[in-house]
Amino acid sequence: TRSEIDPENHALISAARDALPAQNHAWKDNWSFLAEKTADSLIIIGGTKAGATIPDSVLFFPEEKGLIENAAPQVLTLAEDGFRLAIPRNSLFTGSLDSLSGLLVVEGDWNLDHATHAIRFMSQFDNVPTSGVATAAAGGSISFWEALLFAFIGGLILNLMPCVLPVLSIKILGFVQQAHHDRKDTFLHSLSFLIGVLISFWVLAGALLLLRAGGEHLGWGFQLQSPAFLIILAALMFLMGLNLFGVFEVGASLTGVGGGSRRSGMLGSFISGITATVVATPCTAPFMGSALGFSLTQPPLVSLAIFTMLGAGMAAPFVLVTNVPALVRFLPKPGRWMETLKQFMGFLLMATVVWLAWVLGIQGGSDLVVWLLGALLIVAIGAWILGRWGGLASGTAVRYTAKLVSTALIIGVVAFTALNADVASNSAADQALVDGKLTWEPYSSDRVAGLRSSGQPVLIDFTAAWCLSCKVNERVAFGADEVQAKLIEKNVATIKADWTNRSDEITAALAEFGRNSVPLYVLYSGEDGREPLVLPEILTPRIVLDALEKI
C-alpha cells in the first residue's frame, strides 16, 4: 500500500515516474500531431488548445535507427497554437517510411496534469501536406532520369556562364593549338580534360556527401563559403593571369595554353578541367537546383551518377570539338594573333580575382582583403623571379635556385594567408540592407514566423555573394523601380537570407524546400493555409510582378 512506501525514496520514485514518456492517453486531450515528409526533412506539426502553454524547445528522437541526421540541428518554429519542427533526414536511409514514431522531448513540460518532459507518439504521414513549405518542396521533386537529363543540360550551359568564362577562354586557345595536331594528341587532350572535370565533381560531391552523413549541414558550393579556399583560388587565378601576360612561362603545365612537351600539355588539359569545375560550382544552381537537391537525398551511387552527368555535360563541347574533324576545320589556324588573344584572356582572369576579393571582403571584412592583396604581391614577386632567372637562358644552378625560391615564396605566402584567414562573418551581413526604396532584413526563422502569423506578405531572397546569378537577379528584377513600387504597395516584408558564409539556419530553410543551393525565391501571401509561391531561379521584373499580383 502507499503507506508502506519508504518516505525517503518516495520523491525519487515520483520523479522517475514523471520522467517516463507519456503515452497517447495522457496527452491526446491537450495535443494533436501530424507528420509530413519532404525530400530532405521530416516535419512534425503540433497543435494544442487555445491558451495552452507552448514549449520553448522541442527535440525529436525517432524509434527507427538511421532515420535522421542525429548531429544536424532541428529547426523549430513556434506559433500561438502550436509549433512546427523540421528534422533533417539521413540521405543514406533506405528503409520504408510510411509512418513516424518516437519521442518528443521538451525542456519544460507539455502542460499536462504533471510535469512530463517527453511524450511518445506515432503518426501516419499526411498524404496532402498542410504546411506550405512541405507542399512547395514536394512539388519540386523529380525523377532519377529527369535529374540525369537536367544535370547534363546544366553542364552544357555552364560553359557559357560568366564564372566559367575565364577558364573557358583558356580552353579556346587550347582548341586552336591542339586542333591541327594528329588525332591521337587531340583525343588524349580531350580525355585529360574530361578526367579532370569528372574527378573534380566526384571529389566535391563525395566530400559533401560524407560531411552531410557526419551531421554537417552543407550545400552545393560550400567550398566558396571558406575564406581559406577563396584565397587559394584567387592566388591560382592570379598566377594563371601572370602566365598569360608572359611574366613567366611554364608551358602548358599550369594553364594548358603554352607550348611545352606533349606530357605537360596533357597535364595542362587535366588542370584546366579541375579549375573549370572549381570555379563553375556556384553557377550550377540556377539551372539544376532541383537535380542537386534530389541527388543529395539519394544513395551515394545515385548521387555520384548525377554529378557524373553534370561533369560529362560540361566537358562535352571540348570533347566534341577536339574529336570531330568536321568541326576542327572551322577553327582558326595558329598565328601571331594568339599572343594578343592570350594576353587579353589574362585580363578576364584578373577580373575573376577582383570578384573573389569582393566575396572575401563580404565574408571576412576589409582587413582580410588587404591580407589577400599582400599575398598576391609576394606571389607576383615569386612569378617574376621564375620568369627572370628560371628559364633556359640561365645556368643550371641559377635556374633551379630561381625555381626553388619562387615556389617557396608562392606556396609559403598562400598557405600562411589561407591558414590565418579570419573566418568570422562581416558584421555588416547581420544588418538591414537598403536597396533603392526597399529595406532587406537579415533572415531569421523566428522573424519570418512572426511576420506570417501577423498576416503580412513575406518575400525571402536566398542568395550569396559568390552566386553571380543571384546578383544579376537582384539587380535586374528586384532592382527595377516598378518591382520595388509594387512590393511597397503590397506591404511585402523583404528578407535576405545571405548564404555567403556558412549558416545552419539558412541551410535548414533551403532543405525544407528540397534545395541545397542558391538562388531560391519564396513569396508568402500572408493568408492562412495558403501555400508559398516559389519563383523561378532566373528572374525578370515581369515574373516578380505577376507573382505579386497573386497576393
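The exercises below work through a predicted model, each with a step-by-step solution.

Residues are numbered from 1 along each chain as its sequence is written, and side-chain values use heavy atoms, with hydrogens and water left out. Because this is a predicted model, local features need pLDDT of at least 70 and side-chain atom pairs count only at pLDDT 80 or more, whereas totals for chains, interfaces and linings use all residues.

**Exercise 1. The protein as a whole**

Task: State how many helices and strands the protein has, what share of its residues is buried, and how its accessible area is made up.

Solution. Begin with secondary structure, where helices (H or I, at least four residues) and strands (E, at least two) are DSSP runs numbered from the N terminus; the protein has 19 helices and 13 strands. Next take burial, for which buried means under 20% relative accessible area, exposed over 50% and partly exposed in between, with a 1.4 Å probe and protein chains only; of the 551 residues, 50% count as buried. Then turn to the surface, whose areas come from the Shrake-Rupley method with a 1.4 Å probe, and for residues only the protein chains shown count as cover. The protein exposes about 25100 Å², and carbon and sulfur atoms supply 62% of it. Finally consider contacts (heavy atoms within 4.5 Å): among those with a separation of 6 or more, residues 24 or more positions apart account for 73%.

**Exercise 2. The surroundings of Q74**

Task: Locate Q74 in the chain and describe what its side chain reaches.

Solution. First, place Q74 in the loop between β3 (58-62) and β4 (75-79). Second, follow its side chain, which reaches the backbone nitrogen of F60 at 2.9 Å. Third, leave aside its neighbours within four places in sequence, and Q74 is found in contact with V58, L59, F60, I68, L85, A86, I87 and P88.

**Exercise 3. Helix α13, from a buried residue to a surface patch**

Task: Determine whether L376 is buried or exposed, and then identify which residues form the nonpolar patch to which α13 gives the most.

Solution. L376 is found in helix α13 (residues 366-389), and because its relative accessible area is 7%, L376 is buried. Apart from its neighbours within four places in sequence, L376 is in contact with A234, A235, F238 and V353; the C-alpha atoms of L376 and L236, which are 140 residues apart along the chain, are separated by 9.8 Å.

For the patch, the rule takes residues with over 30% relative accessible area and no salt bridge, joining like charges within 9 Å and nonpolar side chains (Val, Leu, Ile, Met, Phe, Trp, Tyr) within 5 Å. The nonpolar patch consists of V247, L377, I378, I381, W384, W389 and V398, with about 600 Å² of accessible area together. The most is given by α13, with five residues. V247, by contrast, is found in the loop between α7 (227-245) and α8 (262-280), and V247 is partly exposed at a relative accessible area of 31%.

**Exercise 4. The two sides of α17**

Task: Explain why the buried residues of α17 line one face of the helix.

Solution. List the buried residues of helix α17 (residues 481-489), which include V483, Q484, K486 and L487. Seen down the axis of α17, these buried residues fall within an arc of 160° (taken from the directions from the helix axis to the C-beta atoms), so they line one face of the helix. The face turned away from the buried side carries the exposed residues D481 and E489. Just after α17, N491 takes a positive phi of about 55°.

**Exercise 5. Salt bridges**

Task: Say how many salt bridges there are, and compare where the partners of three of them lie.

Solution. A salt bridge is a side-chain nitrogen of Lys or Arg within 4 Å of a carboxyl oxygen of Asp or Glu, and by this rule the count comes to eight.

- E63 and R120 meet at 3.9 Å, N to O; the pair links distant parts of the chain, 57 residues apart, with E63 in the loop between β3 and β4 and R120 in strand β7 (residues 118-124). E63 counts as exposed at 53% relative accessibility, while R120 is partly exposed at 30%.
- K496 and E474 have their closest N and O atoms 3.7 Å apart; K496 lies in strand β11 (residues 493-498) and E474 in helix α16 (residues 468-478), so the pair ties together parts that are 22 residues apart in sequence. K496 counts as buried at 14% relative accessibility, as does E474 at 12%.
- D546 and R542 meet at 3.2 Å, N to O; both lie in helix α19 (residues 541-549), four residues apart, about one turn of the helix.

As a last step, note that D461, K471, E474 and K496 are linked in a network of salt bridges.

Notes:
A polar contact is a pair of N or O atoms within 3.5 Å; within protein, one must be able to donate a hydrogen and the other to accept it, and residues adjacent in sequence count only if both atoms are side-chain atoms.
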